[in-house]
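Thanks for coming. I will go through one structure today, helix packing to begin with and then the contacts between chains. Here it is.

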Protein chains: 4
Amino acid sequence: MPPSATSSPFASLLTRCALEWQVYCQHEFVRALAAGTLPAEAFRHYLRQDYLFLIHFARAWGLAVYKSRSLTELRQGLDSLKAIVDLEMGLHVDYCAQWGIDADELENSPEARETMAYTRYVLDAGHRGDLLDLHVALAPCLIGYADIARWIEAQPFTVRGLANPYEAWIAMYASDEFQVAAQTERDWLNTRLAGQTAERLDGLATTFRDATRLEIDFWQMGLDGA
Amino acid sequence: MPPSATSSPFASLLTRCALEWQVYCQHEFVRALAAGTLPAEAFRHYLRQDYLFLIHFARAWGLAVYKSRSLTELRQGLDSLKAIVDLEMGLHVDYCAQWGIDADELENSPEARETMAYTRYVLDAGHRGDLLDLHVALAPCLIGYADIARWIEAQPFTVRGLANPYEAWIAMYASDEFQVAAQTERDWLNTRLAGQTAERLDGLATTFRDATRLEIDFWQMGLDGA
Amino acid sequence: MPPSATSSPFASLLTRCALEWQVYCQHEFVRALAAGTLPAEAFRHYLRQDYLFLIHFARAWGLAVYKSRSLTELRQGLDSLKAIVDLEMGLHVDYCAQWGIDADELENSPEARETMAYTRYVLDAGHRGDLLDLHVALAPCLIGYADIARWIEAQPFTVRGLANPYEAWIAMYASDEFQVAAQTERDWLNTRLAGQTAERLDGLATTFRDATRLEIDFWQMGLDGA
Amino acid sequence: MPPSATSSPFASLLTRCALEWQVYCQHEFVRALAAGTLPAEAFRHYLRQDYLFLIHFARAWGLAVYKSRSLTELRQGLDSLKAIVDLEMGLHVDYCAQWGIDADELENSPEARETMAYTRYVLDAGHRGDLLDLHVALAPCLIGYADIARWIEAQPFTVRGLANPYEAWIAMYASDEFQVAAQTERDWLNTRLAGQTAERLDGLATTFRDATRLEIDFWQMGLDGA
């Protein structure tokens, strides 16, 4: 059971798309990455697209800043934006260089359909609804990656350390820092989801499920790129 | 007591800005219009700005169509859009002609600050929040005008018929058709407001109060234009 | 050569994604439909998704209404919205019934990834840019279907009349009415594209190419649904 | 002549609203501030509203991040966002404390109509159009304040140093740092405005003029608050 699936409003969202969440968290891409058997070209394709993904992810947090109703919400959006643009993007570019992908290649890779699908879905969900809708559409990414890292850590077939070429990726998402960030987001969602009407929760569950389906496609895109 | 202020979720919104609502519904512009003593130039200034207002009001319903989550919501937005663009705008242009304002003058009038303030506030409220936020920001207009017409009808100083140059204006908003449209909107709001969290209702109350304040300014703009 | 590819600013856009446009207009789905050999289940899958597509297409025209800078633009958006919601949706539902898909099935079909990808891409392009960006993102649909119908009409392997179960589909998009609507859109685009800066045209060409790629996926989704 | 009014595409925008720009830059509020004769309560009212303004200004830069088409644009939006939220807001709160306005009072001041009018106008201009429209709507603020500080510095009636209670305000906007930021924005605008169609420039000129008018109202609001 993924760590997020405990009793809480967010856990209820997860329960309503339990099948999709499991397919996402335990996808063949994830399993092969855990075992260190993922073809390097699959990972490279994923890395190139993840760079493009980050740009739209940053745009989504810009939208979150716009949609804020308080200074607290505004600072939360800005913090996420800074984390992506000032930190993660640099780390990503450095990490890609280790995999033989230079900055030029990153910037000039055509955007895959799966990247367009998930990122634009998130942005539309945010525009159509309010800040909560936007966060729910983003949750499969932030919270999903944290769950995935913990799931990987718990599997018998997982290989850690130098024997696994994907060790750095696993370590980053399993790190206390990333896990804490994911927990902060879970807490925020639980606070906001509490007391919402059944109709609202239905709409949010659809958004969460659709976004999870599009994350599954993102893994599959990596595999297909090999 | 305005007709909308009965016991219901929307009535609670009204109660939270009772003072502003009263100032809006019983504004000097409204009183003078009811008594037939409003300076013609004040009314003409109002009419010219109301034309520009209608254009942004139509844009707001376009936004409502975009933000719809179901075909029912989408048709509701479209119906409002058609009512404004295909019907009201034509009536407004004809009515303005009776007051000596031709189409050219309407289209070339500079937009008053009060017009910009209310219309852009509504559009931002709609973008920042979801469809409910947008409707709440629009409510002082649709529901307010219905309440105002009924308030006018109930005042001893009101002059009806040919003796009042503003009879046609009063008759339009007091008409069954307009009153039914306002009631439909009240019903929709009551359905959507039911069961919302206290935090959400606080935000909506702020939006409703601000929009009402900006409607007050719109009346004042008319008076100041004389 | 597709009818749109004549000398004009829009033709330049087409030239810049000539390969994608050809793959789109001459896709295996289109060829099989022209020949009457498309598996019925592929067509049914396409029809179900096209219904969901229409809803988001309507949302896009709602967005166009919002983004309008003049009453002319606003009426143009509203006309498209009415054509979709008041006319096309009804025709589509009736047509689907002929293929054994009732309204319930239409409304409850899960949205395919390819549908999400194209529709959300269009909506984001519209939000990110201005009205011209939105129209360019929509062009592969409106203008593309017109080009496709004319291409079908010109192919030796095309079967028309009762011998082709897809005759009604072909006839609708080949009709004068649809062709005129597409030409009106081409004319509008040519007017707006004229004189744009090279940088702007680069951005629009990217949008047009991406949208065309996502339309290709939409055909492929139909084939894969069989 | 304000420093911005030299020959360039942005200067052409200024020329098209020369009258409004002059009224804005040489407003009685500005003159009294330069002379040190502005009533303290007028300034305090301005300061309280400027705090609320900053929040929506930050939202506008969040929107700019969303609307970015490149990493360069995205970083530019983020830099402005950080400057406002991480720097200016803190300075503003400290400065307000010197004028006897504590943080609680700042956060609980009702938003004035003039604040709503300008901020929501900017946000709608940004949503309706593209990133350039948003920047043009923001320009009267960033570039205007720089022009105003330089105009103040050049007036014979201006009092500088301890003799003027508004010295710190003048010094901040006259500082090299602020002037350089304004020049950077002018340069960006000149690059983007170059080569735009006449129709586009007409629309942008309207936006710039309207935004300037709403800035004039913001000064007047300060005076009226005394």
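Start in chain C, where C:Glu28, C:Phe29 and C:Val30 of helix α3(C) meet C:Trp219, C:Gly222 and C:Leu223 of helix α11(C). Sorted by class, that contact has 4 nonpolar residues, 1 polar and 1 charged. I should say now that this is a predicted model. The two helices are α3, residues 28-35, and α11, residues 198-224, both of chain C, and their axes are 8 Å apart at an angle of about 60°. That angle makes α3(C) oblique to α11(C).

Next, chain A. Here helix α1, residues 9-16, packs on helix α11, residues 198-224, with the axes coming within 9 Å and crossing at roughly 60°. So α1(A) and α11(A) are oblique to each other as well. The crossing is right-handed. On the α1(A) side, the residues in contact are A:Phe10, A:Leu13, A:Leu14 and A:Arg16; on the α11(A) side they are A:Leu201, A:Asp202, A:Leu204, A:Ala205, A:Phe208 and A:Arg209. By class this contact counts 7 nonpolar and 3 charged residues, with no polar ones.

The third helix pair is in chain D. How are the axes of α2(D) and α11(D) placed? Helix α2, residues 18-25, and helix α11, residues 198-224, pack at about 25°, and the axes are 9 Å apart. Since angles under 35 degrees count as roughly parallel, α2(D) is roughly parallel to α11(D). Their crossing is left-handed. From α2(D) the contact takes D:Glu20, D:Trp21, D:Val23 and D:Tyr24, and from α11(D) it takes D:Phe208, D:Arg209, D:Thr212, D:Arg213, D:Glu215, D:Ile216 and D:Trp219. The classes here are 6 nonpolar, 1 polar and 4 charged.

Now the contacts between chains, beginning with D and A. In this interface 20 residues of chain D and 20 residues of chain A take part. The buried area is about 1900 Å², with 70% of it on carbon and sulfur atoms. How many salt bridges cross between chain D and chain A? The rule finds 2. A salt bridge also links A:Lys82 to D:Asp86, and the closest N and O atoms of that pair are 2.7 Å apart.

Then chain D and chain C. Contact here involves 19 residues of chain D and 19 residues of chain C. Between them they bury about 1600 Å², and carbon and sulfur atoms give 35% of that. Which three residues supply most to the area that chain D buries against chain C? They are D:Tyr66, D:Arg69 and D:Arg128, which supply 40% of it, more than any other three residues. The salt bridge count between chain D and chain C is 2. C:Arg69 and D:Asp133 form a salt bridge too, with 4.0 Å between the closest N and O atoms.

Last, the salt bridges of the whole structure. Over all chains there are 70. One of the pairs is C:Asp124 with A:Arg59, at 2.9 Å from N to O. C:Asp124 sits in helix α7 of chain C, residues 113-128, and A:Arg59 in helix α4 of chain A, residues 40-67, so this pair joins two chains.

To recap the two interfaces: chain D and chain A bury about 1900 Å², 70% of it on carbon and sulfur, while for chain D and chain C the figures are about 1600 Å² and 35%. That is all from me.

Methods. Residues numbered from 1 in each chain as written. Chains lettered and ligands numbered in written order. Predicted model: local features only at pLDDT ≥ 70, side-chain atom pairs only at ≥ 80, totals over all residues. Heavy atoms only, no water. Axes fitted to C-alpha atoms, helices over the stretch in contact; angles between N-to-C directions. Helix = DSSP H or I, 4+ residues; strand = E, 2+ residues; numbered from the N terminus. Parallel < 35°, antiparallel > 145°, perpendicular 65-115°, else oblique. Left-handed = near helix turned anticlockwise from the far one by under 90°. Contact = heavy atoms within 4.5 Å. Nonpolar A, V, L, I, M, F, W, Y, C, P; charged D, E, K, R; others polar. Buried area = accessible area lost by both parts, 1.4 Å probe. Salt bridge = Lys/Arg side-chain N within 4 Å of Asp/Glu carboxyl O.
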